[in-house]
Amino acid sequence: MANSEPPVVAAIIHDLAGMLSNVAAFAGILEARPDHPSRAEFLPVMAKEARAAAEAVKDLQLARSLSEPWPRGDLQLVEVPRVLKQVAEHMGVPGWLDPQIETLGGDALRITVDDGVLSGLLARSLRVAAADDLTAPSNLRVESDENGAVFSIDLSSTSYEGDVAADLPRGRRELRPLALLCAVNDSWGGTSRVDANDDRICLVLHLNY
């Protein structure tokens, strides 16, 4: 039986409608007044919203695909250091996760995932966790367990102003990659949870061998 759509689907549709409405509003103003004095300010905003909308469409396709079982042929047994190197490359900061790779030592820790999907979502999630400050050490910790690996992302430094623990499963705009990461991992047979206390909040992902 097919699974129901994850809650993040509704959030993506809501965000996408807002992005397209913004682009349409700015376009309408410029269509009516091509010489509008704020034209130079409008265009970068329109371009940014259009890029965000394109990304949201891709996210929507991914989220809706999760209503069906993930094709087992797309999953591979991959080494965690390889995934972490891909993540750093996605983020444009090669070597950023090398300290984390070094903590794994010579242990060839492996997980069964779609490494392209995982590395892309993990890169976006770490940007959210770091509030786009990639000069500081990463907010990711990886450890082995008896079934595979545990990825912990410290969200204490995120710039998100709402209740992260409550809003993450729903995938509110900034938290969307984190919600998708959880949904995808769950579809691979892993588990996800948010640990929160007075001074720290952390997303914990158990990825299976």
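This report covers the fold, the sheet, the largest pocket and the aromatic pair of one chain.

**Overall fold**

The model is predicted. Its chain has seven helices and six strands. Read along the sequence, these elements follow the pattern α-α-β-α-α-β-α-β-β-α-α-β-β. Along the principal axes, the C-alpha atoms fill a box of roughly 65 × 45 × 35 Å.

**The sheet**

Four strands build an open sheet. Their order is E3-E4-E6-E5, and the pairing is antiparallel. Which strands stand at the edges? They are E3 (140-145) and E5 (191-196). Each has a single partner strand, so one side of each is left without a neighbour in the sheet. From one strand to the next, the twist averages 20°.

Helix H7, residues 176-187, packs on this sheet. H7 touches strand E4 (148-154), E5 and E6. The direction of H7 makes about 25° with that of E6.

In general, strands of a sheet pair through backbone hydrogen bonds, and the pairing is either parallel or antiparallel. Here, two of the pairings can be set side by side.

| Strand pair | Bridges | Direction | Hairpin link |
|---|---|---|---|
| E3 and E4 | six | antiparallel | two residues |
| E5 and E6 | six | antiparallel | four residues |

Individual residues fix the register. In the E3 to E4 hairpin, which joins through two residues, Glu 143 has Val 150 in E4 as its bridge partner. The E5 and E6 hairpin has four residues between its strands, and E6 spans residues 201-208. There, Thr 191 stands opposite His 206 in E6. Ser 192 has Leu 205 in E6 as its bridge partner.

**The largest pocket**

Rolling a probe the size of a water molecule over the atoms shows where empty space is left. The largest pocket holds about 620 Å³ of space. It is lined by 17 residues. Closest to its centre are Glu 55, Val 128, Asp 132, Arg 173 and Glu 174.

Which helices each supply at least two residues of the lining? They are H2 (39-65), H5 (115-129) and H7. The largest share comes from H2, with five residues. H7 thus appears twice in this account: it packs on the sheet, and it supplies at least two residues of the pocket lining.

What is the make-up of the lining by class? Ten residues are charged, five are nonpolar and two are polar.

**The aromatic pair**

The structure holds one aromatic pair. Phe 26 and Phe 42 form it. Their ring centres lie 4.8 Å apart, with 45° between the planes. That geometry counts as tilted. Phe 26 lies in helix H1 (residues 8-32) and Phe 42 in helix H2, so the pair ties together parts that are 16 residues apart in sequence. Helix H2 therefore has a place in two features, as the home of Phe 42 and as the source of five lining residues of the largest pocket.

Definitions and conventions: Residues are numbered from 1 along each chain as its sequence is written. This is a predicted model: local features need pLDDT of at least 70, side-chain atom pairs count only at pLDDT 80 or more; totals for chains, interfaces and linings use all residues. Side-chain values use heavy atoms; hydrogens and water are left out. Two strands pair if DSSP finds at least two bridges between them. Axes are lines fitted to C-alpha atoms, for helices over the stretch in contact, and angles run from 0 to 180 degrees between N-to-C directions. Contact means heavy atoms within 4.5 Å. On a 1 Å grid over the protein atoms alone, a cavity is a set of points where a 1.4 Å probe fits but cannot get out, and a pocket is an open set with protein on both sides within 12 Å along at least five of seven lines; lining residues have an atom within 4 Å of a point. Grid points are joined across faces, edges and corners, and a volume is the space filled by probe spheres set on the points. Ala, Val, Leu, Ile, Met, Phe, Trp, Tyr, Cys and Pro count as nonpolar, Asp, Glu, Lys and Arg as charged, and the others, Gly among them, as polar. Rings of Phe, Tyr and Trp (its six-membered ring) pair if their centres lie within 6.5 Å; planes under 30 degrees apart count as stacked, over 60 as edge-to-face and the rest as tilted.
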